[in-house]
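Colleague: I am new to this structure and would like to learn how to read it feature by feature. Could you take me through it slowly?

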Amino acid sequence: RECACAPCVSRLAAPRDSAHLLLARACARISTSSTSSSASTAPPSTAMDAPPREVCPAPRRPQSLGAKYQRALETNPLVTKTVTAFILSGISSLIGQLLRTKGRVTPDVVRTAIFYGLSSAPPYSHFWYPILNSISQNPVVRTIVDQIFWRPLLIAYMYVVMNLIKGKSWKQIGEIMRRDYWQKGVKAGLKIWPAAQLINQWFIPLTFRTTSMDIVSFFWDMYLTLATSSDDSEGLTLETLEAELEDLVREKNCGPILIRLSWHDAGVYSTGQLTGGCPNAAMRFVEGDGEGTFGANAGLPTVAMSLLRPIAAKYVESGFISNADLWTLAANVAIRVMGGPVVPTRFGRRDAQSFKESVESQVGRLPDGDKGVDHLREIFHPKGFTDKDIVSLSGAHTVGGCHVDRSGFDGAWTEERSKFDNSYFKNMLSKTYEEETTAAGCPQFRDAASGTVMLYSDLSLLEDPIFQEHVKRYAEDQDTFFADFTAAWVKLQENGCCRLRENL
Ligand code: HEM
C-alpha cells in the first residue's frame, strides 16, 4: 500500500527504505478520505488494491524564534515590549560600563545595568506611536513630530535616571544636564534618531516599531552610558583628582587638617540618644545652625575648605564627585602621602543641600579635648566603636597640631607633624608631660624637652587598663596600629551612608 499524498509521492522517487514504509503505513492509518486536492497528483491505482486516497497531515515545522516573538508581540504586547527593553537596555548598559571599566565586573556595574534595564523597561512608545499615527499618515511628519516633542524628553529622562542610579544629587544632575544634555545628548542624538525614526515610521509595521527602536537604542544607550559616566572627555578622572589632591597635600603641607575635615564631617554620626548625622559636607553652611558654625569645627570651613576650593570648583561643580566624597578621599590621600596606611575609599555620599541638614549641635557627637575616658566612651560607643577603635583613631594625632585660635589648645603631638606613624603612642609612653594652660585658657600637657603636647583626652588613654593595653600594642607595632586604624577609620567614614560604590 502506498500513500498518495504529495510528500510521500515525492519520496517514492527515493529508494523504499524501511523508514518510508513505516511512514506510508502511518499515513494509511490516518486518512480515509480521497477528496484531497492531492488526488490529482496521486499515481493511478489498480481496481484490485486501490486504497482510499490518503492525505498526510501537514508536516509540523518548528516555529522560528522570530515567529514566536511576533506571536508574543501580538498576543501580549505590553509585557513583551517591557521585557525586550529591559534585556536590551540592561545588556547595552553592561557592555558600555565594561568598556569603561576595562572589563572589570563589580557589583556596582551589575547593579547599574539592572537599574538601567528597569528604567528603560516601561514601553512608553507603545502608547506614543499610535498617537503619532493618529496625528498623521505621513511618516515624514510623524518623524518630525517625534523628534521635536518626544525625543528630547526621552533623552532628558535617561540622563536623570542614569545619574540618579549613580547616586548623584539633583543639584549635580542639574549641573551635568547643563553641561552635557544639549551637546552630548540632543545634538549627538540628531546624528542617528531622525534617520532611525524615519526608517521606523516608513517601513516598520506599528506592532514592531517599539522593538525596532529598542534595537537602535541598544547601541545608543551604550554610547550614552559611556558619555554620561566618563567625564574623561573633560579630562576629569579619579586618577587626575587623586593626583591633584596629592599635589595639594605636598605643596601646602595640609594633610592633617584634611583628615580632621573628614573626621568632623563623619564624626557627628550617632545611634545613641542622639541619632542620625552622616558625612554630608554640612560644614559648608556657616549660616543658621549649619555645622560650619560649630565651635568644634573652627578652622575647617575657613582653612580646610579654602584649600580644597580650586579642586572642588573643578570636580564638584562639574558633578564628578560630591563634596562629602571629596573630603573623604582628600583625607585618605593625605594619610597615604604622609606615610600612613592606604585606606580604600568608596563613593556615593550625598551633600547636604542646606544648613537644615546639619545635626542640631556638636554636643554629644564630637569629643572635647579637656575630658577623659568616660567622655570618650560616651561619644564613640554610640557610633559603633570599641575601646580599641577609640585608641587607634586617636592615633591620628600623630600628625598635625592644635591651634590656639581654633580650639584654644596649642602645639603638636609629635616632632614630625607631617609624618603618619606610631610616634603619638611612643611619645605618650616615653615622654614626661607637665600640665599647662594655653594663652586661650585651655588646660593641656607639654613635654618640656621636645615641646610636644598631649590633651587631657589623649593622656586619659593611659588611665584605663583596656585603653592602655592598646596604646602599648600600637607603640610596639606600627603595622598593628595601621591595620586597626584603617578598619576603624573606614567605618567612621562610612557610618550612616548607604549605597556606597567602589567607583565614582
Ligand atoms: C578622641 C577624641 C578627640 C579629641 C578630643 C580631639 C581633639 C582635637 C583637637 C582639640 C584638635 C586641635 C584642633 C586645632 O586646634 O586645630 C585636634 C586636631 C586634630 N585631630 Fe583630633 N580629636 C579627637 C579625635 C580625633 C580623631 C578620631 C581623628 C581622626 C581619626 C582626629 C584627627 C585630628 C587631626 C589630624 C588633627 C590635627 C589638625 C590640624 O593640624 O589642623 N582627632 N583634635
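Colleague: Which atom of the ligand does a polar side-chain atom of His-397 lie 2.9 Å from?

Modeller: Before answering, note that this is a predicted model, in which local features need pLDDT of at least 70 and side-chain atom pairs count only at pLDDT 80 or more, while totals for chains, interfaces and linings use all residues. Residues are numbered from 1 along each chain as its sequence is written, and side-chain values use heavy atoms, with hydrogens and water left out. A polar contact is a pair of N or O atoms within 3.5 Å, and the partner of His-397 at 2.9 Å is a nitrogen atom of the ligand. Oxygen atoms of the ligand take part as well: one is 2.9 Å from a polar backbone atom of Gly-401, and one lies 2.7 Å from a polar side-chain atom of His-403.

Colleague: Which residue is the protein donor of the iron atom of the ligand?

Modeller: Donors are N, O and S atoms within 2.8 Å of the metal (3.2 Å for Na, K and Ca), and water is not among the atoms, so sites may look incomplete. Here the only protein donor is His-397, through NE2 at 2.1 Å, and His-397 is found in the loop between α16 and β3 (helices are DSSP runs of H or I with at least four residues, strands runs of E with at least two, numbered from the N terminus).

Colleague: How is empty space read, and what is the volume of the largest pocket?

Modeller: Rolling a probe the size of a water molecule over the atoms shows where empty space is left. On a 1 Å grid over the protein atoms alone, a pocket is an open set of points with protein on both sides within 12 Å along at least five of seven lines, whereas a cavity is a set where a 1.4 Å probe fits but cannot get out; lining residues have an atom within 4 Å of a point. A volume is the space filled by probe spheres set on the points, and for the largest pocket it is about 1,100 Å³. Of its 42 lining residues, those closest to the centre are Arg-260, Trp-263, His-264, His-397 and Trp-413, while α12 gives the largest share of the lining, six residues.

Colleague: How many cavities of 30 Å³ or more are there?

Modeller: There are three, and the largest cavity holds about 360 Å³ of space. Its lining has 25 residues, with Ser-120, Arg-151, Leu-154, Asp-214 and Ser-217 closest to its centre, and α10 gives the most to that lining, with seven residues.

Notes. A polar contact is a pair of N or O atoms within 3.5 Å; within protein, one must be able to donate a hydrogen and the other to accept it, and residues adjacent in sequence count only if both atoms are side-chain atoms.
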